[in-house]
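Thanks, everyone. I would like to take a few minutes on one protein chain, going from the overall layout to the cysteines, so please have a look at what is on the screen.

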Amino acid sequence: MPPLWALLALGCLPLGVGVNLQPQLASVTFATNNPTLTTVALEKPLCVFDSSAALDGTYEIYLYVLVDLASSRNASVQDGSRTPLSSTFQQTEGGRTGPYKATAFDLTPCSDLPSLDAVGDVARASEILNAYLVRVGANGTCLSDPNFQGLCNPPLSAATEYRFKYVLVNMSTGLVQDQTLWSDPICTSRPTPYAAIDTWPGRRSGGMIVVTSILGSLPFFLLVAFAGAIVLSLLDTGSSDRETTHDSQITQEAVPGSLGTSEAAYTSVNRGPTLDRAEVFASKLQD
């Protein structure tokens, strides 16, 4: 993709002329939100240290970070014997008392860089970004993980100006081979004040408003349903009491009548034969 190659070439030109130049922020083509509150994405020094002469052996590039303070703007990243500093984030209070080594990566020859023609391939997007960019402050757990090993690249502080420097280290000798200048101050983003957050519904999406309305109305409907259930329970209890009373009255009224009818029938049955015998005896006396 020629436009992307052109953008990358323009971004690397300041570093490609020589090492007496500065690290640069990543192009917006690759990092749209940069810097963030806690991270800064930088372009790797591609084709910089090996631009004037081929390098033999194994080399690594160290990235140092320093808070922009007047007392430490020209801080050195090597000792008197050209050995690179191994100071950490914790030892320098996050770069306030001196530069710390945030990350290290292999020096990649220009001929081995992945082609930007494949930047649209989702499967290779991460590989390409890692080849061209380095993100300072990308590791959010190394400070709290007691088992973490390696360089700790913890989040940066918000609203703080930092400077950055690339250092080329010859791994065979362990000495500094070359280095860039410190970058210009790069400030991380500032957190938005709470009072400045726009809560006007007109700035929200339609779906968000609908969801908020439903969630806000749900407790009301639950309360109405609960009240309705209580009223229905009370009505059912009163109806059951009235039915029980009515059935009791019917039973009390029906029992005496039944007993009277039974007694009459019993008398009629038992008195019938007695009356018949008396009439027969009277008839015989007359005769």
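Let me begin with the term I will lean on: a disulfide here is a pair of cysteine sulfur atoms within 2.5 Å. Please also keep in mind throughout that this is a predicted model, and that the disulfides I describe come from that model.

With that cut-off, cysteine 142 and cysteine 152 qualify, since their sulfur atoms are 1.9 Å apart and the two form a disulfide. Both cysteines sit in the loop between β4, residues 133-136, and β5, residues 161-170, so this pair ties together parts that are ten residues apart in sequence. The torsion about the S-S bond is about 65 degrees, and the disulfide is therefore right-handed. As for the surroundings, are these two cysteines buried or exposed? Cysteine 142 counts as buried at 5% relative accessibility, and cysteine 152 is buried as well, with a relative accessible area of 11%.

The structure holds two disulfides, and the other one joins cysteine 47 to cysteine 110, with the sulfur atoms 1.7 Å apart. Cysteine 47 lies in the loop between β1 (40-43) and β2 (59-67), whereas cysteine 110 lies in the loop between β3 (100-106) and α2 (122-132), so that this bond ties together parts that are 63 residues apart in sequence. Here the cysteines are partly exposed: cysteine 47 has a relative accessible area of 28%, and cysteine 110 has one of 33%. If we number the bonded cysteines in sequence order, the pairing reads 1-2, 3-4. I would also point you to cysteine 187, which is partly exposed with a relative accessible area of 29%.

Now let me step back to the chain as a whole. How many helices and strands does the protein chain have? There are three helices and seven strands, and, read along the sequence, they follow the pattern α-β-β-β-α-β-β-β-β-α.

Turning to contacts, if we take those with a separation of 6 or more, residues 24 or more positions apart account for 68% of them. Of the 287 residues in the chain, 29% count as buried, and the chain exposes about 18,200 Å², of which carbon and sulfur atoms supply 59%.

To close, the picture I would leave you with is of two disulfides, one within the loop between β4 and β5 and the other tying together parts that are 63 residues apart in sequence. I am happy to take comments.

Technical notes: Residues are numbered from 1 along each chain as its sequence is written. This is a predicted model: local features need pLDDT of at least 70, side-chain atom pairs count only at pLDDT 80 or more; totals for chains, interfaces and linings use all residues. Side-chain values use heavy atoms; hydrogens and water are left out. Helices (H or I, at least four residues) and strands (E, at least two) are DSSP runs, numbered from the N terminus. Buried means under 20% relative accessible area, exposed over 50%, partly exposed in between (1.4 Å probe, protein chains only). Contact means heavy atoms within 4.5 Å. Accessible areas come from the Shrake-Rupley method with a 1.4 Å probe; for residues, only the protein chains shown count as cover.
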